[in-house]
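Here is a friendly walk through one protein model, written to be read beside the bench notebook. Please have the viewer open as you go.

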Amino acid sequence: FQHLWQNYLKITPSAEKIHHLLEEREHHQSADTSNLVNDHIALRTFNIDKVNLNKLAAHFIALGYEEKEQYQFEQKKLQAKHFEHSNHTSPKVFISELLVEQMSNEVQTIINKMLEPVSDDVSLQEHFLYSGTHWQVSQQEYEFLAEHSEYAAWMAAWGFRANHFTISINHMQTINSVEQMNHVIKQAGYELNSAGGEVKGGPEVLLAQSSTMADKILLNFTDGSKLVPSCFYEFALRYAMANGELYQGFVAASADKIFESTNRNN
Ligand code: NI
């Protein structure tokens with residue numbers, strides 16, 4: 001997780017600044033060490049055998065994580081699963097994959113060209129989860145992918161890495177709602193993802209979330225460089241279920257909109 005975090009910060013400078021900002025607020029209230037707890041991380045991939053969701057998940061299963069729920073995103077042609085560790089201080093892991101066979105032939109051709117030279121056992125590499133891209137595409141291919149799937153374009157640009165980290169509002173002392181978090185983030189000058197409203201979900205679905213819009217980073221393509229969306233920071237507040245325990249799952253309708261935090265224009 002430390003490697004994933006450092007790798008994420010390299011292309012998400014806003015996350016480091018927001019993390020510092022929130023940590024300072026918390027320290028004014030308490031002498032404890034950091035109250036910033038990571039609720040979950042999210043990773044993306046293609047459902048192509050050698051790099052599919054289960055190949056990424058194997059790294060977490062090896063650490064003692066267990067598969068929990070599955071989620072479908074029909075319009076975006078994605079599916080996802082979330083994983084939890086019996087030690088609840090470990091962040092949850094949300095992994096999604098693009099259903100490549102449901103994309104147009106042209107899109108499939110670009111994705112297959114990217115993945116074809118990648119070795120069959122690439123996912124077994126120790127650093128695979130934060131190994132980035134194993135290919136390079138042209139700006140034209142990137143734009144073409146983005147027109148059909150922003151998700152596919154993001155994968156083409158950034159590859160294997162954490163797509164976002166998530167601050168658990170439940171563990172904070174100075175902020176106790178997503179609305180309050182959003183206010184702090186906007187006051188500090190950061191843009192929030194407003195797709196479907198700035199707050200996704202709420203007490204009725206036991207999870208409220210918001211996220212920043214992804215930073216824009218200059219990326220090298222085969223034919224020059226261009227500013228493209230990288231990664232974003234998310235904020236989550238979980239509500240108690242009837243048994244008094246906090247809900248630990250995800251909400252497909254909210255996640256659907258959170259995916260759009262890496263869209264080129266929003
Ligand atoms: Ni998330």
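The report below covers a metal site, some helix packing, a core residue and two loop residues.

This is a predicted model, in which local features need pLDDT of at least 70 and side-chain atom pairs count only at pLDDT 80 or more, while totals for chains, interfaces and linings use all residues. Residues are numbered from 1 along each chain as its sequence is written, and side-chain values use heavy atoms, with hydrogens and water left out.

Let's start with the metal. The nickel ion has as protein donors His40 (NE2), His164 (NE2) and Glu234, the last listed with two OE entries, at 2.0 to 2.6 Å. Donors here are N, O and S atoms within 2.8 Å of the metal (3.2 Å for Na, K and Ca), and since water is not among the atoms, sites may look incomplete. Along the chain the donor spacing reads H-x123-H-x69-E. His40 sits in strand S1 (residues 38-46) and His164 in strand S5 (residues 162-168), so this pair ties together parts that are 124 residues apart in sequence. Helices (H or I, at least four residues) and strands (E, at least two) are DSSP runs, numbered from the N terminus. Both His40 and His164 are buried; buried means under 20% relative accessible area, exposed over 50%, and partly exposed in between (1.4 Å probe, protein chains only).

Next comes helix H3 (residues 53-61), where Leu53, Leu56, Ala57 and Phe60 are buried. These residues cover an arc of only 100° around the axis, which puts them on the same side of H3; the arc is that of the directions from the helix axis to the C-beta atoms. The buried residues of H3 pack against helix H1 (2-10), S1, strand S2 (65-73), strand S3 (78-85) and strand S4 (92-98).

One residue of S3 is Phe83, buried with a relative accessible area of 1%. Phe83 and Ala57 are 26 residues apart in sequence, yet 8.1 Å apart in space, C-alpha to C-alpha. Beyond its neighbours within four places in sequence, Phe83 has contacts that include Leu53, Ala57, Ile61 and Val93, where contact means heavy atoms within 4.5 Å.

Finally, two loop residues that are not glycines have a positive phi:

| Residue | Phi | Loop | Relative accessibility |
|---|---|---|---|
| Lys77 | about 55° | between S2 and S3 | 27%, partly exposed |
| Leu206 | about 70° | between strand S6 (200-202) and strand S7 (207-211) | 23%, partly exposed |
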